[in-house]
Amino acid sequence: MKRNPVQGFYGGISTRYEIVNSIITLGLDRPWRQRAAGQAASQDGERWLDICCGTGDMSMDLLANIGPNTTLFMADFSKEMLDVASEKEELKEINRTLADAFNLPFKDDSFDLVTISFATRNLNLGRGKLEKAFLEINRVLKPGGKLVNVETSQPDSRFVRALFHIYAKAMITPTGYLLTGDRKSYDFLTNSMINHHDAHSFNEILGASGFREVEFKPMLFGAVAIHSASKQQDPNMNNQ
Ligand SMILES: C[S@@+](CC[C@H](N)C(=O)[O-])C[C@H]1O[C@@H](n2cnc3c(N)ncnc32)[C@H](O)[C@@H]1O
């Protein structure tokens, strides 16, 4: 796999990723993921996939909710982030795949649930590319399968949105730079957050990527949102 700049970024910060995250979100990233994982767990099935899993925080929250007949799979294109995940006792035995979200090495219709946490901004290389990534997720989901996406978003109130952007600029790059020495990468992260879609526009992207029953729950005045959606049921199922 050819290494791209985002891979280089996460490769460089993998061991400090969680502490920086915790500081810039004031520890809120944990309950946000836990809430998304709780929502995801309403989906039964044999196979769950956590893509762009990074160091495995979301995967751990999924494991806390998983049933005995369900197997969790993890995928990310950063070997270094996966290496940090592999050091966690709970994740040692979990199937981890080095994979690009735009070209997942899984068969069509193979998962009951796909989750993605705090990584959609990285796939937002333009609307067309973002739709392509979610078409790919749709492809690997089984008909009737569920997507749960938790990501920063844009508060509806212009005032709160402005405050959120000021906070992002004041906190993310300085904290990231202080703890990792990598200013450029954290600048990229700040900009990806400020320029990301709002929850309504992301709804449309999921619809354009073939998802149905698209809905979202805003958190922290809309600065973060959990989107859920389903892959259309196989129409032949109705005739059986
Ligand atoms: C902000 S981290 C989120 C990690 C984890 N999901 C969490 O909640 O902490 C973004 C992750 O997405 C991964 N990523 C970004 N673009 C990717 C792509 N095209 N394919 C696979 N993984 C990707 C990065 O390597 C990184 O581990």
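Begin by selecting Tyr-17 in this predicted model, where the residue counts as buried because its relative accessibility is 15%, below the 20% under which a residue is called buried. Add Tyr-10 to the selection, and the same reasoning applies, since a relative accessibility of 9% also falls under 20%.

Now display both side chains and look at how the two rings meet. A pair of aromatic rings is described by the distance of the centres and the angle of the planes. Across the model the count comes to eight aromatic pairs, and Tyr-10 with Tyr-17 is an edge-to-face pair, with 6.3 Å from centre to centre and 70° between the planes.

Move next to Phe-134 and Phe-202, whose ring centres are 5.4 Å apart and whose planes stand at 80°, so that this pair is edge-to-face. If you colour the helices, you will find Phe-134 in helix H7, which covers residues 127-140, and Phe-202 in helix H10, which covers residues 199-208; the pair thus links distant parts of the chain, 68 residues apart. Both Phe-134 and Phe-202 are buried.

Return to the tyrosines of the opening and widen the selection to Phe-9, Tyr-186 and Phe-188, which ring pairs link with Tyr-10 and Tyr-17 into a cluster.

The last stops bring charged side chains into view. Select Arg-47 together with Phe-111, and the charged end of Arg-47 appears over the ring of Phe-111, at 4.6 Å from the ring's centre. Then select Lys-129 with Phe-102, where Lys-129 lies over the face of Phe-102, 4.3 Å from the centre of the ring.

Technical notes
Residues numbered from 1 in each chain as written. Heavy atoms only, no water. Phe/Tyr/Trp six-rings, centres within 6.5 Å; stacked < 30°, edge-to-face > 60°. Buried < 20%, exposed > 50% of the residue type's maximum accessible area, 1.4 Å probe, protein only. Helix = DSSP H or I, 4+ residues; strand = E, 2+ residues; numbered from the N terminus. Lys NZ or Arg CZ within 6 Å of the ring centre and 35° of its normal.
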